[in-house]
Amino acid sequence: MSVDDLDPPVEPELDARLRETLSRVAMRVGDTAPGPGASPVLIPASARRPRRRRWRLTLTVIGVALTALLLAGFAYLFGPEYVTEQKLVQLREDALVKGGAEPNRYWLVPSFHTDACGRSMPGVELLAESDNRVGAEWSTAGVAYGEPVFPTASASGGNGVPSPGCVRIDERGWLNDPSRFALTTGRLGRHAASEEGDWALLVAVHPAVDTLRVATPGSSAHRVSTVPRADRPQGPRYAVIILPATATRIRIVLLDEKGVPVPGGVKNLKLVR
Amino acid sequence: MAELQTDPPELEQVYRDHRVTLVRLGFLLTGSREDGEDLVQGAFLTASARWSEIEQPLAYLKRAVVNQAGDLHKRRVRERGRPAAEGVTEIPEIDEMWAILQRLPHRQRIVVVLRFYEDLSLLEIARLLQRPPATIRSDLRRALGRLRKALR
C-alpha cells in the first residue's frame with residue numbers, strides 16, 4: 001500500500017471549500033497590486049535591531065571611486081573642511097533619511113559640498129554622527145544620479161586626459177531608463193581598515209523608483225523607501241541601505257509606486273571585502 | 001566594494017513568468033502579501049547564486065519559498081506572537097475558512113496549501129519539504145480534523 005493510498009479521506013464539500021478559499025485568496029495578489037498595509041521601511045535594518053557595536057562611517061577611497069565608476073554612477077568623498085555646530089543642526093533638519101541611535105546616528109542629507117570649481121554637488125551625502133564631531137573634518141560619502149562627465153585637459157588645450165575636479169553629472173540619458181542606478185558602498189565601523197563594520201550602501205535611482213526591495217542570503221527581504229531631495233521633488237530619488245558586515249551578496253529590485261519591478265530593475269551585487 | 005552581477009537571462013525570464021505565482025504561494029503561507037513578496041525575493045536571491053545547477057527552477061523556487069516561510073513564521077512568533085487573521089475577500093464563508101486556515105499550526109497550514117492549492121500529492125509534498133511521507137500524512141490528517149471541528 002503506497003502512501004498515496006493513505007491520503008486522508010476528505011469530504012467533497014470540505015475539499016471544494018478549501019480549494020475555492022485558497023484559490024480566491026491567492027487571486028487577491030494581482031500582478032500589479034501592492035500589498036495592503038505594505039509599509040515601506042524608511043530606515044532599514046540598523047534602525048530595527050539593537051546595535052551593540054559602535055560604528056563610524058569608513059570608506060575605502062579607491063574602492064568607493066572604483067565602485068561608482070564600475071556601476072556607471074558617481075560617488076565621492078569629502079573632507080577636509082571642518083564641522084560646525086550650526087551646519088550640523090541645519091543638515092539634520094534637512095535630512096531626507098535618518099537612522100541609528102545616539103551616538104551612532106546617521107543622516108542622508110542633500111549634498112552640501114562644492115566641487116573644485118565651486119559648484120554645488122548634486123545628489124546626497126551620508127553623514128555619520130560619530131565621524132562628524134564639531135571641530136573635526138567632515139567625513140561623508142555621496143552619490144549622484146546620472147552619467148559623470150569629466151572635463152578633459154583637451155578642453156583647456158591639454159591632451160584629452162580626464163582631469164579631476166569640475167565633474168558634471170548628466171542625468172538626461174538615465175532619465176530614459178528607470179533601471180539605471182548609481183551606488184556607493186562603504187563600511188560603518190570603528191576602524192577604517194578593519195572591515196568589521198556594517199555595509200552602508202547609498203543608492204541613487206530614477207524618479208519612478210519608489211521603493212527598493214532588498215534581499216541578502218540567510219535573511220528575509222525588506223523594503224527601503226526612496227526619497228527625493230526637497231528641492232527636486234520630481235527628481236532622482238535616494239536611499240541608504242545598511243547591511244550586516246557579514247553580507248556578501250545583495251539583490252536589489254527597483255520597484256515603481258505600484259510595487260512592480262521596473263524593467264531591468266533587478267540588480268545582483270557581490271560585496272567584496 | 002560592490003560588483004554588479006547580471007542575472008542569467010533564464011532567471012530573468014523565470015522571474016517575469018512566475019513571480020506572481022510564487023508571491024501567491026508566499027501569501028497563502030504567511031497571510032501577508034508583503035511577506036510573500038519578500039519570500040520570493042529571498043528565493044530568487046538564493047537561486048541566483050546556484051542557477052546553473054538548478055534543474056527544475058520553479059520547483060526549487062517553490063521549495064525555497066516554503067522553507068523561508070517556515071523560518072519567517074518562527075521569527076514572527078518570537079517577535080510578536082501569532083499574527084492576527086485578516087479578512088481579505090469580503091465573502092464571509094471564504095474569509096471564515098481563510099481565518100481558520102491561518103490559525104492552523106504552520107506546518108499543517110503548509111501541507112494544506114500544498115495539497116489543496118498546489119494540488120501536490122502526499123509524496124510530492126514530502127519530497128518538497130524533505131520530510132517522511134508518513135509525517136506529511138499525519139500533519140494533513142490533523143489539519144483536516146481541526147478544520148472540521150472549527151467549521152461545526
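Which residues in helix 6 of chain B meet which residues in helix 7 of chain B? In this predicted model, for which local features need pLDDT of at least 70, side-chain atom pairs count only at pLDDT 80 or more, while totals for chains, interfaces and linings use all residues. Residues are numbered from 1 along each chain as its sequence is written, and chains are lettered from A in the order in which they are written.

From helix 6 of chain B, B:Leu122, B:Leu123, B:Ile125, B:Ala126 and B:Leu129 meet B:Pro133, B:Ile136 and B:Arg137 of helix 7 of chain B, contact being counted when C-beta atoms, placed from the backbone, lie within 7 Å. By class, this contact has seven nonpolar, no polar and one charged residues.

Helix 6 (residues 122–129) and helix 7 (residues 133–151) of chain B pack at an angle of about 110°, and their axes are 9 Å apart. That makes helix 6 of chain B roughly perpendicular to helix 7 of chain B, a term for angles of 65 to 115 degrees. Helices here are DSSP runs (H or I, at least four residues).

Two loop residues of chain B have a positive phi without being glycine, B:Asp119 and B:Gln130.

| Residue | Phi | Loop in chain B | Other C-beta atoms within 10 Å |
|---|---|---|---|
| B:Asp119 | near 60° | between helix 5 (106–116) and helix 6 | 9 |
| B:Gln130 | about 55° | between helix 6 and helix 7 | 8 |

B:Asp119 is exposed, and B:Gln130 is exposed as well, where exposed stands for 12 or fewer other C-beta atoms within 10 Å of the residue's own.

Terms used:
Axes are lines fitted to C-alpha atoms, for helices over the stretch in contact, and angles run from 0 to 180 degrees between N-to-C directions. Helices (H or I, at least four residues) and strands (E, at least two) are DSSP runs, numbered from the N terminus. Angles under 35 degrees count as roughly parallel, over 145 as roughly antiparallel, 65 to 115 as roughly perpendicular and the rest as oblique. Two residues are in contact if their C-beta atoms, placed from the backbone, lie within 7 Å. Ala, Val, Leu, Ile, Met, Phe, Trp, Tyr, Cys and Pro count as nonpolar, Asp, Glu, Lys and Arg as charged, and the others, Gly among them, as polar. A residue is buried if 20 or more other C-beta atoms lie within 10 Å of its own, exposed if 12 or fewer, and partly exposed in between; C-beta atoms are placed from the backbone.
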